Amino acid sequence: MAAHLSGVWLNSPAVTLAGKPLPRRSTRSPSATLSAAHPSTSAPTIQIVGGKNYGWNVMESSRVGNTLEIDPEEFDWVELESDLHHWAKVLRPVQCYPGHIAKTEKELKDQLKLMDVVIEVRDARIPMSTSHPLMDSWLGNRKRIIVLNRDDMITTADRNAWASYYSRLGTKVVFSNGKLGMGTLKLTRLAKELSVGVNIKRKTKGLLPRPVRAGIVGYPNVGKSSLINRLLKRRMCPAAPRPGVTRELKWVRFGKDLELLDSPGIIPMRINDQSAAVKLAICDDIGERSYDFSEVAAILVQLLARLPTVGNKALQDRYKIDTDARVGKIFVQKLALRLFNGDTHQAAFRIMSDFRKGKFGWVALETPPKL
């Protein structure tokens, strides 16, 4: 039975979840730290040591003030990540590992041996959470381009921050919009540039030149197939705004000098970082059957209430709900009563859909870690 997100975290031992006492939040200042970034650009592990107690009852949360008063440049993302970790701990684990992925993963690792360059597509809103933890070990020394797709869903400031971050790591990054085709020309040029030595080596061995082989990999629903279709300027790969549409590996030719491998979305057998899993659910990068809408929407409300670009007031104004949005479950329940005859699933779906459509503005849920 799915666990339900507690509407409040009170300082009372009587509050329980599924018959067990809820963990108490630490009142110490957060000491969450980011591990040093790996040179190969894998997502740093977020180690949560403690979390600041903002008082998850309505009386205390009212003292925090309006999030809109916080300067975005001074906003503490590490502290927010710490809180997200605590919120996610009491949820039913978000896990998704469709049967076809195990087979695909094995085939993909075999095909990687044939690739000259690997194009890893990530969601620009959550670049770290959409990085497969085993990707570095699979790629070895192969050249990699990171594509941050859906760059129309983040702000210019977010885009510049990520560009600067990857530049300092020495990693090639391309911002794209798979639906409109933005970034495809740069990606094609960059893939060929990185693979320029392939045919030079073949020529020295007396071999004929061949097309550059580029594999496109990434999590489900990050826009891999749409990106290929835009590159080819025709619909060669099935694409739809939901995870799991591509079910098998497929090579397609792009002109005379480039071949692209479209692959199904690959996801870890077990997602150990549940705060990352929640962000995958919020951004629709994981199957809907793997999570409870009401639980995830409640956390989304709490995230948006804390973000300086949205804030508690924006949520109240949009939904005409007078409850403090820092108590996400109560907010979802009140919206359900107001618009959906008490159906919390429908209320949760409305909030998640509004976020995905940019109704709160285009909001990134991650910021680059400090190097």
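**Cores and a cavity in a predicted model**

Of the 371 residues in the protein, 54% are buried, a figure that, like everything that follows, is computed from a predicted model. The chain is organised into 13 helices and 10 strands, and its contacts reach across the sequence: among those between residues at least 6 apart, 72% join residues at least 24 apart. On the outside, the protein exposes about 17800 Å², of which carbon and sulfur atoms supply 53%.

Turning to the interior, the largest nonpolar core has 70 residues, and those with the most contacts inside this core are Ile145, Leu260, Leu315 and Phe355. Helix H10, which spans residues 293–306, gives the most to this core, with 10 residues. Leu315 can serve as an entry point for inspection: leaving aside residues up to four places away in sequence, Leu315 touches Val301, Leu304, Ala305, Lys320, Ala325, Phe331 and Phe360. A second core, separate from the largest one, has 12 residues, among them Ala124, Met128, Phe175 and Ala364.

The enclosed space can be followed in a similar way. The count comes to one cavity of 30 Å³ or more, and about 70 Å³ of space lies in the largest cavity. Its lining consists of Trp77, Leu80, Glu81, Leu84, Lys279, Leu303, Leu307 and Leu365, and helix H2, residues 77–89, gives the most to that lining, with four residues. By residue class, the lining of the largest cavity divides into six nonpolar residues, two charged residues and no polar ones.

Key
Residues are numbered from 1 along each chain as its sequence is written. This is a predicted model: local features need pLDDT of at least 70, side-chain atom pairs count only at pLDDT 80 or more; totals for chains, interfaces and linings use all residues. Side-chain values use heavy atoms; hydrogens and water are left out. On a 1 Å grid over the protein atoms alone, a cavity is a set of points where a 1.4 Å probe fits but cannot get out, and a pocket is an open set with protein on both sides within 12 Å along at least five of seven lines; lining residues have an atom within 4 Å of a point. Grid points are joined across faces, edges and corners, and a volume is the space filled by probe spheres set on the points. Helices (H or I, at least four residues) and strands (E, at least two) are DSSP runs, numbered from the N terminus. Ala, Val, Leu, Ile, Met, Phe, Trp, Tyr, Cys and Pro count as nonpolar, Asp, Glu, Lys and Arg as charged, and the others, Gly among them, as polar. A nonpolar core is a set of buried Ala, Val, Leu, Ile, Met, Phe, Trp, Tyr and Cys residues joined through side-chain atoms within 4.5 Å. Buried means under 20% relative accessible area, exposed over 50%, partly exposed in between (1.4 Å probe, protein chains only). Contact means heavy atoms within 4.5 Å. Accessible areas come from the Shrake-Rupley method with a 1.4 Å probe; for residues, only the protein chains shown count as cover.
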